[in-house]
Structure formats: structure tokens, C-alpha cells
Amino acid sequence: MLRITNRVLLALTGLGLLTAGLAVLFAALDLPGRWGITLPSGYTWRGPGNVLLGADGRTRWHGTGWFWPVVLGVLGLLVLLALWWLLAQLRRRRLSEILVDSEDGVGALLRGQAMEEVVTAEAESLPGIDRATVTLTGRRTEPRARVGLLLSPQAEPADVVRRLEAEALTHAGRSAGLESLPTEVRLRAAKHPPERVS
């Protein structure tokens, strides 16, 4: 979700900056006058000597009682959204690496994505699981796993979870030298395909 939000916000920011830059360039080079373009009557920025927001535009709503609360409310909301976005960037949800204790004082680093892919592949090979997603979180010395499973229609959830813990998660924890790998498992059931009756 955060990746999609980042892309949308960056695209909107880029589009806004591009539009503003083109408008500045358009007026600064006096392109409407050179090309004979007639601008709308409300458009105040017509050439290099004009400003984007004229005196009328700056003072039009000044005397009304709602203007400043709305301006401050919108600016406050934008600041809160920007802070939320910044904190979301700083808070790394996925674990990029796991520290494997090799018991010789050196240690090794295991890529988190590699371990996620291995656990996903082993989980999807278990009977009753159509699709699996694995995300590692936590600290690199104490990782945690979040597993999402799409169960086939004939699967028994208790058996699937038992086999997942006994096989895929145990193998992953053992291979990384972890004493334990706390895991949260979320189950969804696949829908039965429509049956054809002839």
C-alpha cells in the first residue's frame, strides 16, 4: 500500500511542479503575445511584467470570516499528511537482512527477501495451499514473519497451519540459526470454481 501511495504522491507532485514550471516559462517568455494566444479573462499572469496572484486575487476573500480558518485548516492538513508520509518512509516494515550467528564471532547476513522467497516456495509446495505470501519484519537479530495463505477449497486449515509450522517455518528458522521465528498466519479460502452441468 505504501509503495502505491508513494508512486501516486510522487506523480501528483511531479505533475504539479511541471505544470507550474510550464506556466512560469509561458509567461516569462511572453509566449501569449508572441504567438497571438488569447488568454481567459480571469488569467492574470499574461506576461513577464505580471504576477501570478494580483492584488485583487490576494485581497478578494480577506474580509470574510471563513477565509483564514479554511486556509489554516488546509495548510495544517497538508503538514499532517506530509509528516505521515515522512514517518511512513522512515518506518521500514520489511526486514532487509537477518543476522545469522555463525558461532565464531563473525556472523553473516542473510537477505530478507531471499528467505521470504524460500519460505514462500516451500509453503506453496504444501498440499492445500494455492498461494502464499511471506513478509519478514522485526529486528535483524529477532525477525518475525507474517504469512498470508490462500487455501484450496478442500484444505483443512488446522492441518495446513501445522504443516507450515513443522516444515517451512522450522526449516527457515533452522537454516538462519534462529531459536524461534514468531509467525502470524492469515488464512483466506479460495472460491470454488463454477461447476458446469451438462
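## Close-up views of the predicted model

**Figure 1. Helix α5 and the setting of E116.** E116 lies in helix α5, which covers residues 112–124. The structure shown here and in the following views is a predicted model. With a relative accessibility of 5%, E116 counts as buried, because the buried class takes in residues under 20% relative accessible area. Beyond its neighbours within four places in sequence, E116 is in contact with R94, V134, T135 and L136.

**Figure 2. Strand β3 around T137.** T137 belongs to strand β3, made up of residues 129–138. The relative accessible area of T137 is 13%, so this residue is buried. When residues up to four places away in sequence are set aside, T137 touches R93, L95, E142, P143, R144 and R146. One of these contacts, E142, appears again in the salt bridge of Figure 4.

**Figure 3. Pairing of strands β3, β4 and β5.** Strands β3 and β4 pair in the antiparallel sense, with 9 bridges between them. The two strands form a hairpin in which 4 residues lie between β3 and β4. I129 has L151 of β4 as its bridge partner. On β4, pairing also extends to strand β5 (residues 183–189), through 7 bridges and in the parallel sense. L151 takes part here as well, with A189 of β5 as its bridge partner. Strand β4, residues 143–151, has the highest confidence in the protein, at a mean pLDDT of 91.

**Figure 4. The salt bridge between R139 and E142.** R139 forms a salt bridge with E142, and their closest N and O atoms are 2.8 Å apart. R139 has a relative accessible area of 52% and is therefore exposed, since the exposed class begins over 50%. E142, at 49% relative accessibility, counts as partly exposed. E142 is also one of the residues touched by T137. In total, the structure holds 4 salt bridges.

**Figure 5. Salt bridges along helix α6.** A salt bridge joins R162 to D159, with the closest N and O atoms 2.4 Å apart. Both R162 and D159 lie in helix α6 (residues 157–175), at a separation of 3 residues, or about one turn of the helix. R162 is exposed, at a relative accessible area of 51%, whereas D159 counts as partly exposed at 33% relative accessibility. In a further salt bridge, the side chains of R163 and E167 meet at 3.1 Å, N to O. R163 and E167 are separated by about one helical turn, because they stand 4 residues apart in helix α6. R163, with a relative accessible area of 36%, is partly exposed. E167 counts as partly exposed too, at 25% relative accessibility.

**Figure 6. A nonpolar surface patch that includes W68.** W61, W66, W68, V70, L72, V74, L75, L77, L78 and L81 form a nonpolar patch on the surface. Together, these residues offer about 1000 Å² of accessible area. Within the patch, W68 is placed in helix α4, which spans residues 67–90. W68 counts as partly exposed, at 43% relative accessibility. This value allows W68 to belong to a patch, because patches are made of residues with over 30% relative accessible area and no salt bridge.

**Figure 7. Overview of the whole protein.** The secondary structure comprises 6 helices and 5 strands. Read from the N terminus, the elements follow the order α-α-α-α-β-β-α-β-β-α-β. The protein has 198 residues, of which 23% count as buried. Its accessible surface comes to about 14700 Å², and 61% of this area belongs to carbon and sulfur atoms. Among contacts between residues at least 6 apart in sequence, 48% join residues at least 24 apart. The average pLDDT of the protein is 82, and 87% of the residues score at least 70. Confidence is lowest in helix α3 (residues 55–59), where the mean pLDDT is 70.

Key:
Residues are numbered from 1 along each chain as its sequence is written. This is a predicted model: local features need pLDDT of at least 70, side-chain atom pairs count only at pLDDT 80 or more; totals for chains, interfaces and linings use all residues. Side-chain values use heavy atoms; hydrogens and water are left out. Patches are made of residues with over 30% relative accessible area and no salt bridge: like charges are joined within 9 Å, nonpolar side chains (Val, Leu, Ile, Met, Phe, Trp, Tyr) within 5 Å. Accessible areas come from the Shrake-Rupley method with a 1.4 Å probe; for residues, only the protein chains shown count as cover. Buried means under 20% relative accessible area, exposed over 50%, partly exposed in between (1.4 Å probe, protein chains only). Contact means heavy atoms within 4.5 Å. pLDDT is the predictor's confidence in each residue, from 0 to 100. Two strands pair if DSSP finds at least two bridges between them.
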